[in-house]
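Colleague: I'm new to reading protein models. Could you walk me through this one, feature by feature?

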Amino acid sequence: MLAGTVGVAGSRWWHNRPPYGPEALSARATLRLVDQATADAAVKPAPAVVANDGDQIFLGQVTWNRPPRPQKNGSFRIVLLDKRRHLTPGYLAVTSPKPDAVSSGSDHALDIAQERYPWLQGAGAQPVDGSGWVSGETIDVESMDAAPVTFQAVLRRADPQRHPMLPVATAPTPLEDLLVALICVGPDGQVYWAQRLLH
């Protein structure tokens, strides 16, 4: 019985063991407020999100060094988070040198990450009326060769009529209230580590 328990524990440890740490990537990020024309040019060939009066457009980029031994079917999540209100943007456009390797959305890995890292609270599903509700967007990166990843986030002007089940980051939000994080995810959705790149 003891041998079986040790075997299961060892298998779990190996399954959750990171193939490399954040130091192997030397990841870095930039984020700035821009106008519509700058965002349009930066995210081509992806279509940019069109901002309205009172909205804010943030343009970000995350890049990293290719790890020496990339894990097969490993991936990253890039999170832009309003760290004061614990909310992600509702609107993202993303591109990279490998455009088919990047997309926006959300998945269960973000739920795991926000449970493990308190500073990522709000990156995953948010409880509303006793059930999880994913409303904001993050970036899914399916190739270690996708760097640099460029993204545009539009924060819509705060609207008191917005439905309470749609909690997303809104304008105006100061640049210093936003953080950018990189999450390393394994082929089975296991979260290896998360690194805070900005703020």
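## Reading the model

Modeller: Let's start with one residue: A101 is buried, with a relative accessible area of 9%. Keep in mind that this is a predicted model.

Colleague: What does "buried" tell me, and where does A101 lie?

Modeller: Buried means under 20% relative accessible area. A101 lies in the loop between β4 (91–95) and β5.

Colleague: Which residues is A101 in contact with, once its sequence neighbours within four places are left aside?

Modeller: Those contacts are D140, V141, E142, S143 and A146. Take V141: 40 residues separate it from A101 in sequence, yet their C-alpha atoms are 5.7 Å apart in space.

Colleague: Okay, now sheets. How do I read those?

Modeller: The general idea is that strands of a sheet pair through backbone hydrogen bonds, either parallel or antiparallel. Here, one open sheet has 5 strands in the order β5-β8-β3-β10-β11, and the pairing is antiparallel.

Colleague: Which strands stand at the edges of that sheet?

Modeller: β5 (102–105) and β11 do; each has a single partner strand, so one side of each has no neighbour in the sheet. On average, neighbouring strands in this sheet are turned by 25° against each other, direction ignored.

Colleague: How many bridges join β5 to β8?

Modeller: There are 4 bridges between these antiparallel strands. To find your place, look for G105, which stands opposite T138 in β8.

Colleague: And at the other edge, how many bridges join β10 to β11?

Modeller: That pair has 6 bridges, and the two strands run antiparallel. For a landmark, A181 has R196 in β11 as its bridge partner. β10 and β11 form a hairpin with 5 residues between them, and G189 in the turn has a positive phi of about 85°.

Colleague: How many of the residues of β11 are buried?

Modeller: 6 of its 8 residues are, so to speak, under cover: β11 is mostly covered.

Colleague: What is the strand order in the open sheet of 4 strands?

Modeller: The order is β1-β2-β9-β4, again with antiparallel pairing. Its edge strands are β1 (28–33) and β4, each pairing on one side only. From one strand to the next, the twist averages 15°. If you zoom in on β1 and strand β2 (residues 56–63), you'll find 6 bridges joining them, with the strands running antiparallel. L31 stands opposite G60 in β2.

Colleague: Now helices. What should I know before I look at one?

Modeller: An α-helix has 3.6 residues a turn, so residues three or four places apart point the same way.

Colleague: Which residues of helix α3 are buried?

Modeller: Helix α3 (residues 108–116) has A109, L110, D111, A113 and Q114 as its buried residues. Their cover includes β3 (75–82), β6 (126–128), β8 (138–141), β10 (178–185) and β11 (191–198). α3 lies across β3, β8, β10 and β11, and runs at about 70° to β11.

Colleague: Let me pick Q114 from that helix. What does its side chain reach?

Modeller: The side chain of Q114 reaches the backbone nitrogen of G124, at 3.0 Å. Q114 is buried, with a relative accessible area of 8%. Not counting residues up to four places away in sequence, Q114 touches L120, Q121, G122, A123, G124, A125 and Q126.

Colleague: Last topic: rings. How many aromatic pairs does a search of the whole structure find?

Modeller: The search finds 2. W64 and F76 make an edge-to-face pair, 5.0 Å centre to centre with 75° between the planes. W64 lies in the loop between β2 and β3 and F76 in strand β3, so the pair ties together parts 12 residues apart in sequence. Both W64 and F76 are buried. Y117 and W119 form a tilted pair, 5.7 Å centre to centre with 55° between the planes.

Colleague: Is Y117 buried or exposed, and what about W119?

Modeller: Y117 is buried, with a relative accessible area of 17%, whereas W119 is partly exposed, at 24%.

Colleague: Which residue lies over the face of Y91?

Modeller: That's R156, at 4.4 Å from the ring centre.

Terms used
Residues numbered from 1 in each chain as written. Predicted model: local features only at pLDDT ≥ 70, side-chain atom pairs only at ≥ 80, totals over all residues. Heavy atoms only, no water. Buried < 20%, exposed > 50% of the residue type's maximum accessible area, 1.4 Å probe, protein only. Contact = heavy atoms within 4.5 Å. Pairing = 2+ DSSP bridges. Axes fitted to C-alpha atoms, helices over the stretch in contact; angles between N-to-C directions. Phe/Tyr/Trp six-rings, centres within 6.5 Å; stacked < 30°, edge-to-face > 60°. Lys NZ or Arg CZ within 6 Å of the ring centre and 35° of its normal. Polar contact = N/O pair within 3.5 Å; in protein donor to acceptor, adjacent residues only side chain to side chain.
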